[in-house]
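Trainee: I have a model open and would like to learn how to read its metal site, its ligand pocket and one residue's surroundings. Where do we start?

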Amino acid sequence: MNLFFLKAKLVFITFSVCISFDVDCKWTKHSFEVMGTQSNIEFEVLDAKMAPNTLQRVIDEMHRIDALMSPFKSTSELSKINRLASTHPVHISNELYDLLVKSAEFSKLTQGAFDISFSSVGYLYNYRTSVRPTEKQIENLKRNINYRSVQLNKDNQTVKFVQPLVKIDLGGIAKGYAVDQCIQILKDSGVVNAYVSAGGDSRIIGKKDDRLWYIGIKHPRDKNKLLVNLPLEEVSISTSGDYERFFVKDGVRYHHIIDPKTGDSARELQSVTILAPSSTTADALSTSVFVLGLDKGLKLINGLSDISAILVDSQGRLHYSDDIARLK
Ligand code: AMP
Ligand code: MG
């Protein structure tokens, strides 16, 4: 991986976000809301006249994927699956089918830590209104969390749930997938230097004015700070954190990353950052490692080529995959 961790650059710096739309003669920058989060797009064009059209195609792609995969939009294809797949096999688009196949591959790779059927219990949490399922609801519904219950039929391109109360949600992988799709649109338009993010999932290609891109990782307990600011090149970087969507009740933090074994939030780590060649992979693995915890998570990453990780444990201590630790 072309990954430049310049020694001594793992510095604490103040966090600032650029929310702007400006097209100068070279760089186009735009931020907008999509998939319940903020997306930032930045790219360089040789011909400034091309910029608005290229930008619009990227924005449209983000919204198209949101409309297809949102669990909150009743018209999405994902919602249709959740409504019907318990009763009969549902024929779905190539695109969604392929992402369900990929999700199942990550489930196998992570021994079930990544499991889109977490939503069978997960849908009962509302982090904005501090609502969580009762112990009894978790106990009754937990058996529906099992990626093997989501049966995919390649010949007919269908999905069927083999348990009656299964629900799926692609929140742990869809943003990364959307970032990859947008990078591909930019590449197809001749763009060489670009940054695309959706929430905690980012991907960069090329350079920023002949220099490396700097991508910050948020401090999990101080939103005004960055934990580290990394000089990077040609890589995807995804962070999963317990501070993104959460509430605290009786001193316990309930957040959006669910351990499929318990139906409760995973609590061994505060944040996980994954560096990987594709954003889909980085996104799925950041969620997975968050569930796996420190030891199992690092073991998984150290066994994969081209993947690096930076973890923050429950005490706020930093841990690195072996390849990064060797650079320090
Ligand atoms: P991320 O910020 O990429 O870690 O994604 C968090 C989102 O992933 C949550 O909001 C859920 O939609 C989804 N999610 C939560 N737990 C899991 C899990 N165990 N496996 C797969 N997706 C999950
Ligand atoms: Mg993720």
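Mentor: We will take the metal site, then the ligand, then one histidine. Keep in mind that this is a predicted model.

Trainee: Which protein atoms are the donors of the magnesium ion (ligand 2)?

Mentor: To read a metal site, list the donor atoms and then find their residues. Here D283 provides O and OD, and T287 provides OG1, with these donors lying 2.0 to 2.3 Å from the ion. Both residues sit in helix α7 (residues 279–292), four residues apart, about one turn of the helix.

Trainee: Is D283 buried or exposed?

Mentor: Buried means under 20% relative accessible area. D283 has 3%, so it counts as buried, and T287 is buried too, at 16%.

Trainee: Which residues are the closest to ligand 1?

Mentor: For a pocket, take the shell before the polar contacts. The shell of ligand 1 holds 16 residues, the closest being D115, S240, I258, D283 and T287. Helix α7 gives the most to this shell, with three residues. By class, the shell has seven nonpolar, five polar and four charged residues. A polar side-chain atom of T287 lies 2.7 Å from an oxygen atom of ligand 1. The protein buries 95% of the 500 Å² that ligand 1 exposes when taken alone.

Trainee: Where does H255 lie?

Mentor: H255 lies in strand β14 (residues 252–255) and is buried, with a relative accessible area of 1%. A polar atom of its side chain lies 2.7 Å from the backbone oxygen of A266. Residues that H255 touches include Y127, D242 and F290.

How values were computed: Residues numbered from 1 in each chain as written. Chains lettered and ligands numbered in written order. Predicted model: local features only at pLDDT ≥ 70, side-chain atom pairs only at ≥ 80, totals over all residues. Heavy atoms only, no water. Helix = DSSP H or I, 4+ residues; strand = E, 2+ residues; numbered from the N terminus. Buried < 20%, exposed > 50% of the residue type's maximum accessible area, 1.4 Å probe, protein only. Polar contact = N/O pair within 3.5 Å; in protein donor to acceptor, adjacent residues only side chain to side chain. Contact = heavy atoms within 4.5 Å. Donors = N, O, S within 2.8 Å, 3.2 Å for Na, K, Ca; no water. Near = heavy atom within 4 Å. Areas by Shrake-Rupley, 256 points an atom, 1.4 Å probe, with all protein chains shown as cover. Nonpolar A, V, L, I, M, F, W, Y, C, P; charged D, E, K, R; others polar. Lists of a residue's contacts leave out its neighbours within four places in sequence.
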